[in-house]
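Biologist: Please take one part of this model, go through it closely, and give the cut-offs behind each term that you use.

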There are 4 protein chains.
Amino acid sequence: MGKKKGPKYNQIIDAAVKVIASHGYHQAQVSKIAKEAGVADGTIYLYFENKEDILTSLFKEKMGHFVEIIRERIASETSVEDKLLILVKMHFEQLQADKHLAIVTQLELRQSNKDLRLKINTIFKNYLILLEELLTEGKEAGYFIADLDNRLARQMIFGTLDEVVTNWVMKDCKYDLIASAEPVHNLLLRAFRA
Amino acid sequence: MGKKKGPKYNQIIDAAVKVIASHGYHQAQVSKIAKEAGVADGTIYLYFENKEDILTSLFKEKMGHFVEIIRERIASETSVEDKLLILVKMHFEQLQADKHLAIVTQLELRQSNKDLRLKINTIFKNYLILLEELLTEGKEAGYFIADLDNRLARQMIFGTLDEVVTNWVMKDCKYDLIASAEPVHNLLLRAFRA
Amino acid sequence: MGKKKGPKYNQIIDAAVKVIASHGYHQAQVSKIAKEAGVADGTIYLYFENKEDILTSLFKEKMGHFVEIIRERIASETSVEDKLLILVKMHFEQLQADKHLAIVTQLELRQSNKDLRLKINTIFKNYLILLEELLTEGKEAGYFIADLDNRLARQMIFGTLDEVVTNWVMKDCKYDLIASAEPVHNLLLRAFRA
Amino acid sequence: MGKKKGPKYNQIIDAAVKVIASHGYHQAQVSKIAKEAGVADGTIYLYFENKEDILTSLFKEKMGHFVEIIRERIASETSVEDKLLILVKMHFEQLQADKHLAIVTQLELRQSNKDLRLKINTIFKNYLILLEELLTEGKEAGYFIADLDNRLARQMIFGTLDEVVTNWVMKDCKYDLIASAEPVHNLLLRAFRA
DNA sequence: CATGAATGAGCATTCATTCAT
DNA sequence: AATGAATGAATGCTCATTCAT
C-alpha cells in the first residue's frame, strides 16, 4: 500500500483539492474524491495509506516545493531586504495562483485533527528554517537589529503573512492579494531594520 | 431549551473545556462532557440547544469578556504605546492563566466546522475594532506613521500574537508566554512608530 | 398514583385530545399535554399511571358511554330496522359532533402500539355485543335471514361504519357525515333482510 | 443509495416482515432487521434510503401486485358476481398464504406515522379503482341496483374485508379465513343485487 | 492493477418518568 | 397536592477501510 507514483496518484490529489474546496473538509468523503478522480474507492488505497495520507500528501505535493521555489529565486538576490520582498511576493503569488488550493490550505485543512496538523507543520519547518536563515543573514549584514529574537521575528513574519492570506480567502479572494506584498514587506522591514 | 443560568451551566462549560483539552475536539462526546460535569446526558440539553451551542457558549463565556477587560484596563493609560503593551500583556496573560482554555481556543476549536468558526469570528470582531481604534489613535497622536494601513497593521498584530500563542501551546505551554510580551511589543512598535 | 377524579383529570384528557388532534400522535409528548392542560408534567402522574393510561382513559371517557347512549336510545324503538338506523345515525352523529375526537380515534390513536389497541378493542366489546343482540333480535323476529352469521354480519356493520367514518376524517371532515347514515342503513338492511 | 436489485434487497424485506411480525413495529430496529437478514447494518443503506423506505418498499413489493393479480384473474370471468367472489377469495387467500405478512399489514404497519400511511394508501388507490369499476360494471349489466352509491359500496366492501381479516389476525390466524369468502360474498351480493 | 459491495463501530438527542422540595 | 429539574436508556445512519473477484 502507499505505492506513490503513477498518474492516478496526482489525479487523486487534484480531485481531493477540488472536492475539499467546493464541498468543505467535512463533506470530502473518500468516495467523493474517488468519483471526482474517476477511480474506484478501493483504488485510493493502492496509492495512499488512508484518508489522512491523502491530505498530508496533498499538502506535501502542493506546498512542498513552495519553499524550494522561494529559496532558489532568492539565491540570486544579494540584499536581504530584496530577499524578504521576494519571499512575501512569492508567498502571496503562489496562493493567489490557485485559489482552490488557498481555500484548502488556509481554511479547510485546519479543520483536520491535531495529528494531521502536526504533520503539516513538519512541512512548514523548512519554511521556518529559511526565515531564520534570512533573519540571521540580515543581522550579520547589519541590516537587522543585532538582538532581534529569531523565533519571535519568524513568528511575526509567518503570523502576519498567514493572517493576511486567511483574511483574503475569507473575503472570497476577491481583491488582489499580491498588491499587499509591498506594504507588508515595508512594515516587516520597519520592525527588523537596524 | 437553552435556559442559561444555574450553576450547571458553568459546570458544563468548564467540563467541556477540560474534556476537549485532554481528549481533543473529536473525542469530546456529549456523554463525556456530561460525565465530567457530573450531570446526566439529558441535562446538557436543559442548558444548551445542542452540542455546537456548548462550544459557541464556551467561547462566548470565556473569550467574550476578553476584549472588554482589555479595553477597560487600557482606558486609564494615556500613551498609545503603553496601551499596546497592556493589550499584548493581557492577551498573553489571559491565555497563560488557563492553559486548558488556551489549548481549546488555539488548537481544538479550530477543528470545528465552518459555521462554528464563523460564530467565533463574530466574537473576534470586537477585538479587531479595538485594534483599529488603537491604530487610529496612534496615527492621530503622531506616534504611528501617518499612512499606516489599518487593516494590514491589524493583521500584523493579530497574526503575530496568535502565532506566538499557538507556538507556545504546541510546545506544551512549557515556557513563560508573558515574557514574550515586551519583545513582541517592541517589534510591533518599531513597525508602526513614526 | 392513578387516583382518578378531581377537575384536573378531565382537563388533562381534554388537553390530550386537543394536542393529539392538532400535533398528531407522535408529537403529543407528555410535557405538551401538561402545558396545554395548565399543569406541571409531574401532576399528570398524580392522575394517570403513565402515558398509555392517559390514552386509554381518554378512550374510555370519550367513547365509553358511546354504546350506552345508543343502547338507551334504541330501547324505545320496536322495529329492529329502526334500531339499526338509530345506531348508524348516532355512531355518525357522535363523531361528527367532536371532530377533534374523530381525528384522534380514527387516525391518531391507531398509531399506538398493539397493547393500547387491544385495550381499546376491549372497550369496543360492548359495541360488538350490542350489534350481535340486534342481529339475533332481527333473526328471531324474522326480519333478518335465519342463517345470518352473527360474527360476519357484525364485522360487516362495524367495518363499514368505521371505513365510512375514516374516509370522512381523511377528507378533513368537510362533508356531512350524517347524510350517509340512511344510505348505509339501506345497504346493510338489504344484506341482512330476509 | 437505494439501488434496488440484488438478492439482498429481498432478503432485507423478508427479514423486516419476520422481525416486525414477531417483535412488533416499535421493536423492529434496523440492526435487528440487518441481523435477521444476515447482513451488516450499513448494508441496509445500500439498498434502502432509510428505515421508512424499507417499510414502504416492503408494502409495495408484497402488496403492489395484489391488485394486479386479482385484476388479471378476474378478467377471464364474465359475470360480475363471480368477479366479486374471486376478488374476495383472493384477498383472503393472499393474506392467509403469508400470515407474517398479514400481521404486519393488518396490525403493525398501521402504527407507522402519517407519512408512511399516506404512501400505503397510495398503493391502495388501485384497489379502490378496481372496486369501483366492478360496481359500475354490475350496475350497467343490471345486476346491481341502479342507484348504488359507488363510494359507499366500495367502503362497505373494503371495510368488511378489512375488518374480517383484522379479526382473524387478532385471533392469531387460527381459523380458516378463506372459508369466510363465500359467506362474505353472499352478504355483499345481497346488499348490491338489483 | 482495479474494482465496489460489504462492513460495523460510533454518537447526538429525545422524552417518559421520578422525586426532592 | 403540585411542581419541574433532572434523569439516562435507546437508536438510525455515516463513511473509512477491506478483500474477493
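**The DNA-facing surface and the paired chains**

Modeller: The largest share of the surface near DNA strand E, five residues, comes from α3(A), where helices are DSSP runs of H or I with at least four residues, numbered from the N terminus, and a residue is near a strand if one of its heavy atoms lies within 4 Å of it. This is a predicted model, in which local features need pLDDT of at least 70, side-chain atom pairs count only at pLDDT 80 or more, and totals for chains, interfaces and linings use all residues, while side-chain values use heavy atoms, with hydrogens and water left out. Residues are numbered from 1 along each chain as its sequence is written, and chains are lettered from A and ligands numbered from 1 in the order in which they are written.

Staying with DNA strand E, 29 residues lie around it, and T43(A), Y47(A), Q29(B), T43(D) and Y47(D) are the ones that come nearest. Of the atoms of DNA strand E within 4 Å of the protein, 70% belong to sugar and phosphate. Individual atom pairs add detail to this backbone share: an N or O atom in the side chain of K8(A) is 2.8 Å from a phosphate oxygen of DNA strand E, a polar side-chain atom of Q29(C) is 3.0 Å from a phosphate oxygen of the strand, and A40(D) places a backbone N or O atom 3.0 Å from a phosphate oxygen there. Two or more residues of the surface near DNA strand E are given by α3 of chain A, by α3 of chain B, by α3 of chain C and by α3 of chain D. By class, this surface has twelve nonpolar, ten polar and seven charged residues (nonpolar: Ala, Val, Leu, Ile, Met, Phe, Trp, Tyr, Cys and Pro; charged: Asp, Glu, Lys and Arg; polar: the others, Gly among them).

DNA strand F can be read in the same order. It is surrounded by 31 residues, the closest being T43(B), Y47(B), T43(C), Y47(C) and Y45(D). Sugar or phosphate makes up 71% of the atoms of DNA strand F that lie within 4 Å of the protein, and bases make up the rest. In chain A, Q29(A) has a polar side-chain atom 3.0 Å from a phosphate oxygen of DNA strand F, and a polar backbone atom of V30(A) is 2.8 Å from a phosphate oxygen of that strand. A base is approached as well, since a polar backbone atom of G42(B) lies 3.1 Å from a base nitrogen of DNA strand F. At least two residues of the surface near DNA strand F come from each of the α3 helices (41-47) of chain A, chain B, chain C and chain D, and the residues of this surface divide into twelve nonpolar, ten polar and nine charged.

An unreviewed UniProt entry places the feature "DNA-binding region" at residues 29-48 of chain A (positions follow the numbering used here, names are shortened, and annotations may be inferred rather than shown by experiment). In the model this span is 75% helix and 0% strand, with its end C-alpha atoms 14 Å apart.

The pairing of the chains comes next. In chain C, 37 residues are in contact with 36 residues of chain D (contact: heavy atoms within 4.5 Å). About 2,900 Å² is buried between chain C and chain D, 59% of it on carbon and sulfur atoms (the accessible area, with a 1.4 Å probe, lost on putting two parts together, summed over both). On the chain C side, M156(C), L187(C) and R190(C) lose the most area to chain D, together 21% of what that side buries. Chain C and chain D share zero salt bridges (a Lys or Arg side-chain nitrogen within 4 Å of an Asp or Glu carboxyl oxygen). Six residue pairs, with both residues at pLDDT 80 or more, are in polar contact across this interface (N or O atoms within 3.5 Å; within protein, one able to donate a hydrogen and the other to accept it, and sequence neighbours counting only if both atoms are side-chain atoms). α6 (99-108), α7 (114-140), α8 (150-170) and α9 (181-192) of chain C each supply at least two residues of the side touching chain D, and α8(C) gives the most, with 13 residues.

Between chain B and chain A, 36 residues of chain B are in contact with 37 residues of chain A, and about 2,900 Å² is buried, 59% of it on carbon and sulfur atoms.
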